[in-house]
Amino acid sequence: MSQDPPCTGACSGETAPDPSRRTVVQFLAAGAAVASTGCSLESFFRKSFRELSPAQVRRYIAELEGRYGRKYGKTVTVGTAGPMEGVKFGYGLDLSRCVGCRRCVYACAEENNQSRKNPQIHWIRVLEMDKARGVDVNHSDIYYDAAEVPRPGHFYMPVQCQQCDDPPCVKTCPVGATWKEKDGIVAIDYDWCIGCRCCMAACPTEPGTSTGPSRTSPPPK
Amino acid sequence: MHGKRVGQWNGERTYLLCVHCHNPHSPRFKPIKPLPPPQRPSEMKR
Ligand code: SF4
Ligand code: SF4
Ligand code: SF4
């Protein structure tokens, strides 16, 4: 694939601008784009999170805390704790206990501060299945609307990110915005993500679908 | 498996026995109203 630099709008003349001037023009065009989106020059040119030095991480975190604090009128703390030595996280679910009440779905949205509407982001979906069919995802329903659960003849399976050992979402990401930590957690650098949704297509359990829309949709009005 | 653990996985935690939450004479979970279904993509506005 060719790696031509993006057009800056400065190339409409008959003669091509000399390379040094072109670089300056590109820089200014990028600066104008930054100004129009309201993000700082440093955050626009920021490296991916894993390449930042400790000092850059501290500056970046302070910037985020300031930004969120101003937005929500609260003191906000952003943590950067890494994986712990000798710890590996796993994911467990006892299907025989789940009654399909969706309390976990809404608790997750609150805990992780996901968008509540337009778009509504749910990182957990609860599948309702027929006992007669057994585990048959193709015939499951996530939109069941019952007065009471569990409904007779049905069982329920909450599905969320499985923190895969060999995650397809990480393998497919063209820019390396996702990675697996040593403690088993699959992480994403939202500011490095370009919103291409390849991870959504690659994820076998669908919760990956939540990462694309939350990134690419405009903030609620 | 019986009972429930609450608190921190690597800190202070509390073990609850079945009868902390269940009536021992009728231990089954009672039916409960589920929270609303998720919005369908067609219902979401940009
Ligand atoms: S849907 Fe299932 S896993 Fe989720 S809170 Fe209800 S019973 Fe628990
Ligand atoms: S988003 Fe999907 S592919 Fe990635 S770790 Fe989670 S379940 Fe696996
Ligand atoms: S949507 Fe973001 S995280 Fe997912 S594959 Fe594309 S760049 Fe990577």
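This briefing covers the fold of chain A, the surroundings of two ligands, one buried residue and the interface with chain B. The model is predicted. Chain A has 221 residues, of which 29% are buried, and its secondary structure consists of seven helices and four strands. Ligand 2 and ligand 3 each have a shell in which nonpolar residues are counted alongside polar ones. Between chain A and chain B, about 2200 Å² is buried.

**Fold and surface of chain A**

- Read from the N terminus, the order of elements is α-α-α-α-β-β-α-β-β-α-α.
- Among contacts in chain A with a separation of 6 or more, 45% join residues 24 or more positions apart.
- The exposed area of chain A is about 14400 Å², and 56% of this comes from carbon and sulfur atoms.

**Surroundings of ligand 2**

- The cysteines around ligand 2 are A:Cys161, A:Cys164, A:Cys169 and A:Cys203.
- Prolines also line ligand 2, namely A:Pro167, A:Pro168 and A:Pro204.
- A:Gln162, A:Val186 and A:Thr205 complete the list of residues around ligand 2.
- Sorted by class, this shell holds eight nonpolar and two polar residues, with no charged residues.

**Surroundings of ligand 3**

- The cysteines around ligand 3 are A:Cys173, A:Cys193, A:Cys196, A:Cys198 and A:Cys199.
- Other residues surrounding ligand 3 include A:Pro174, A:Val175, A:Ile188 and A:Ile194.
- A:Thr178, A:Gly195 and A:Arg197 are also part of the ligand 3 surroundings.
- By class, the ligand 3 shell contains nine nonpolar residues, two polar residues and one charged residue.

**A:Ile124**

- A:Ile124 sits in the loop that links α4 (103-111) to β1 (125-130) in chain A.
- A:Ile124 counts as buried because its relative accessibility is 7%, and the cut-off for buried is under 20%.
- Beyond its neighbours within four places in sequence, A:Ile124 contacts A:Cys104, A:Val105 and A:Cys108, and also A:Pro158, A:Val159 and A:Gln160.
- With A:Val159, the C-alpha to C-alpha distance is 5.6 Å, although A:Ile124 and A:Val159 are 35 residues apart in sequence.

**Interface of chain A and chain B**

- Chain A contributes 29 residues to the contact, and chain B contributes 20 residues.
- Of the area of about 2200 Å² buried between the chains, 56% lies on carbon and sulfur atoms.
- Zero salt bridges are found across the interface of chain A and chain B.

Conventions
Residues are numbered from 1 along each chain as its sequence is written. Chains are lettered from A and ligands numbered from 1 in the order in which they are written. This is a predicted model: local features need pLDDT of at least 70, side-chain atom pairs count only at pLDDT 80 or more; totals for chains, interfaces and linings use all residues. Side-chain values use heavy atoms; hydrogens and water are left out. Helices (H or I, at least four residues) and strands (E, at least two) are DSSP runs, numbered from the N terminus. Buried means under 20% relative accessible area, exposed over 50%, partly exposed in between (1.4 Å probe, protein chains only). Contact means heavy atoms within 4.5 Å. Accessible areas come from the Shrake-Rupley method with a 1.4 Å probe; for residues, only the protein chains shown count as cover. A residue is near a molecule or strand if one of its heavy atoms lies within 4 Å of it. Ala, Val, Leu, Ile, Met, Phe, Trp, Tyr, Cys and Pro count as nonpolar, Asp, Glu, Lys and Arg as charged, and the others, Gly among them, as polar. Buried area is the accessible area (1.4 Å probe) that two parts lose on being put together, summed over both. A salt bridge is a side-chain nitrogen of Lys or Arg within 4 Å of a carboxyl oxygen of Asp or Glu.
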